[in-house]
Amino acid sequence: MSDWKQPLRLVELLDKKGNIEDKGVEKLISVVQEAADLAGNLKCEEFHGFATSAVRSATNSAEVLKAVEKKTGVKLRVLSGEEEARLTFLATRRWYGWSAGRITNLDIGGGSLELATGTEEVPDLAVSLDLGAGRLTHEWFDTDPPERKKINLLRDYIDAELAGPAEKFRAMGETGLAVGTSKTFRSLARLTGAAPSSAGPYVKRTLTAPGLRQLIAFISRMTAADRAELEGISTDRSHQIVAGALVAEAAMRALNIDKLEICPWALREGVILKRIDIDTAGAAAAMDEGV
């Protein structure tokens, strides 16, 4: 088994025309090759590569995918925003089970924000917005720490982007169990007092709206280097945690969520679970045909 990870931060390597820069393409090719080599060394029978928001929204997406396949032999599958939201929701549902009732899931990635709600394994409503922590940091903040004026302008922008989707979510009725997935939410919860990752995945962790507002007032005045010294934030993410916190606070406010639980499973687990479901269904069908 391996828990290998490699941060890419491709949304920070988009030029003004929305193209992934050559440096980003080279970085992506290198990481995909490294992942493929690792899979080979571990004798994996199947290798599946997926791309999300940064590649999905890039103006030169098709060219980037061709370059990756040519250099590595790996054909990346680009998940749609709705697909990403649905797969993350599946992971959340499997973690909490059917007894949880309606679940409303929020996931903040580097390039996008996914929202989903439902009472079954397939959500009743799933949306994706280009409100990722890395994307907004890259597009809005040019000083460290960010200027107060820029923070206020970004907050207004996030509210405007959430207005339409939030109305649809509120029309679905009660939120039910509000859940946050992704490293951004885990970091925010840790910074507001939740248990560290060393305590294990089964410890209940929560993030409250009041605690989040206090945290934003604190970390928005710090430099990325100073934020990296806080327990719960890695050096790779300290520069984008302010934007991530602003998105989290706005989304919770728009959906009338005062507290959400942190789920340790997210998109990666959703992809794996979906693949297991497909294989299981295929095996069951084959057995039925043999009866």
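**Close-up 1. Strands E7 and E8 side by side.** In this predicted model, E7 and strand E8 (residues 259-262) run antiparallel and are joined by three bridges. Look for Thr206, which stands opposite Glu261 in E8.

**Close-up 2. The six-stranded sheet.** Stepping back a little, you can follow an open sheet with the strand order E5-E4-E3-E6-E8-E7 and mixed pairing. Strand E5 (125-129) and strand E7 (206-208) are the edges, each pairing on one side only. On average, neighbouring strands here are turned by 20 degrees against each other, ignoring direction. Helix H10 packs on this sheet and touches strand E3 (103-108), strand E4 (113-118), E7 and E8. The direction of H10 makes about 160 degrees with that of E3.

**Close-up 3. Helix H7 meets helix H10.** Here the axes of H7 and helix H10 (residues 241-254) come within 10 Å and cross at roughly 90 degrees, so H7 is roughly perpendicular to H10. H7 brings Thr184, Phe185, Ser187 and Leu188 to the contact, while H10 brings Ile241, Gly244, Ala245 and Ala248. Sorted by type, the contact residues are five nonpolar, three polar and no charged.

**Close-up 4. A cavity lined partly by H7.** Searching the whole structure turns up one cavity of 30 Å³ or more, and the largest cavity holds about 40 Å³ of space. Around it you'll find Lys183, Thr184, Ser187, Ile233, Arg237, Gln240 and Ile241. Which helix gives the most to this lining? That's helix H7 (residues 183-191), with three residues. The lining as a whole mixes two nonpolar, three polar and two charged residues.

Definitions and conventions
Residues numbered from 1 in each chain as written. Predicted model: local features only at pLDDT ≥ 70, side-chain atom pairs only at ≥ 80, totals over all residues. Heavy atoms only, no water. 1 Å grid on protein atoms, 1.4 Å probe; cavity = no way out; pocket = protein on both sides within 12 Å on 5 of 7 lines; lining within 4 Å. Points joined across faces, edges and corners; volume = space filled by probe spheres on them. Helix = DSSP H or I, 4+ residues; strand = E, 2+ residues; numbered from the N terminus. Nonpolar A, V, L, I, M, F, W, Y, C, P; charged D, E, K, R; others polar. Axes fitted to C-alpha atoms, helices over the stretch in contact; angles between N-to-C directions. Parallel < 35°, antiparallel > 145°, perpendicular 65-115°, else oblique. Contact = heavy atoms within 4.5 Å. Pairing = 2+ DSSP bridges.
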